[in-house]
Amino acid sequence: MSPKTPYAILGDEKIRELAVAFYQVMDENTEAADIRKMHAANLDEIKQKLFEYLVGWMGAPKHLYKDKYGTVCLTEPHKGYGITEAHRDQWMMCFREALNRIDAPEEVKKMLENPLLSMADMMREDRG
């Protein structure tokens, strides 16, 4: 029996809800103002990109983001934004709250916490 993946537990629709909720949190929460400023006024395109990325990253058999953009590397698109530890923490706060908003099971939250933190930390430009 193969291990459960976040994708197997959440499925496409919940992951889409997660991507939408993530940017809603970022848009609404003043604690995320610094990272919100790094995004366009209209978040529709980035919500779709996040959904496409997360589906594959969470274990879907097909990686929509890679198929569409040819890579899954996130460090390159984030270069030049001056992402710091504080930005990483704002991003994580948004993601944790988005998981809460979609009523993600605790099992999924635990599965994602360390990988998300590692991913967010890789975007930092203030690492020595």
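Q: In which helix is the place of Y7?
A: In this predicted model, Y7 has its place in helix α1.

Q: Does one call Y7 buried or exposed, and why?
A: A residue counts as buried when its relative accessible area is under 20%. Y7 has a relative accessibility of 19%, and therefore it counts as buried.

Q: What is Y7 in contact with, once its neighbours within four places in sequence are left aside?
A: With those neighbours set aside, Y7 is in contact with D12, I15, V55, M58, G59, A60 and P61. One of these partners, V55, lies 48 residues from Y7 along the chain, and yet the C-alpha atoms of Y7 and V55 are separated by 6.5 Å.

Q: What share of the contacts with a separation of 6 or more comes from residues 24 or more positions apart?
A: In the protein, 73% of the contacts with a separation of 6 or more are accounted for by residues that stand 24 or more positions apart.

Q: How many helices and strands does the protein have?
A: The protein has seven helices and zero strands, and its elements, read from the N terminus on, run α-α-α-α-α-α-α. The radius of gyration of the protein is 14 Å, close to the 14 Å that the globule rule gives for 128 residues, so the protein is as compact as a globular protein of that length. The C-alpha trace spans about 45 × 30 × 30 Å along its principal axes.

Q: Which residues of the largest nonpolar core touch the most other members?
A: The general idea is that nonpolar side chains tend to be buried together in soluble globular proteins. Here the largest nonpolar core holds 38 residues, and those touching the most other members are I15, L18, F22, M58, W91, C94 and F95. At least two residues of this core come from each of α1 (6-28), α3 (44-57), α6 (85-101) and α7 (106-122), and α1 gives the most, with 10 residues.

Q: Where do the contacts of L18 lead, leaving aside its neighbours within four places in sequence?
A: L18, itself among the core residues that touch the most other members, is in contact with L54, M58, F95, A98, L99 and I102 when those neighbours are left out.

Q: What can be said of burial, surface and charge for the protein?
A: Of its 128 residues, 38% count as buried, while the protein exposes about 7,500 Å², of which carbon and sulfur atoms supply 51%. As for charge, the protein has 18 positive and 22 negative charges, and the mean positions of the two sets are 3 Å apart.

Technical notes
Residues numbered from 1 in each chain as written. Predicted model: local features only at pLDDT ≥ 70, side-chain atom pairs only at ≥ 80, totals over all residues. Heavy atoms only, no water. Helix = DSSP H or I, 4+ residues; strand = E, 2+ residues; numbered from the N terminus. Rg over C-alpha atoms; globule rule 2.2 N^0.38 Å. Buried < 20%, exposed > 50% of the residue type's maximum accessible area, 1.4 Å probe, protein only. Contact = heavy atoms within 4.5 Å. Areas by Shrake-Rupley, 256 points an atom, 1.4 Å probe, with all protein chains shown as cover. Lys, Arg positive; Asp, Glu negative; His and termini not counted. Charge placed at Lys NZ, Arg CZ, Asp CG, Glu CD. Core = buried A, V, L, I, M, F, W, Y, C linked by side-chain atoms within 4.5 Å.
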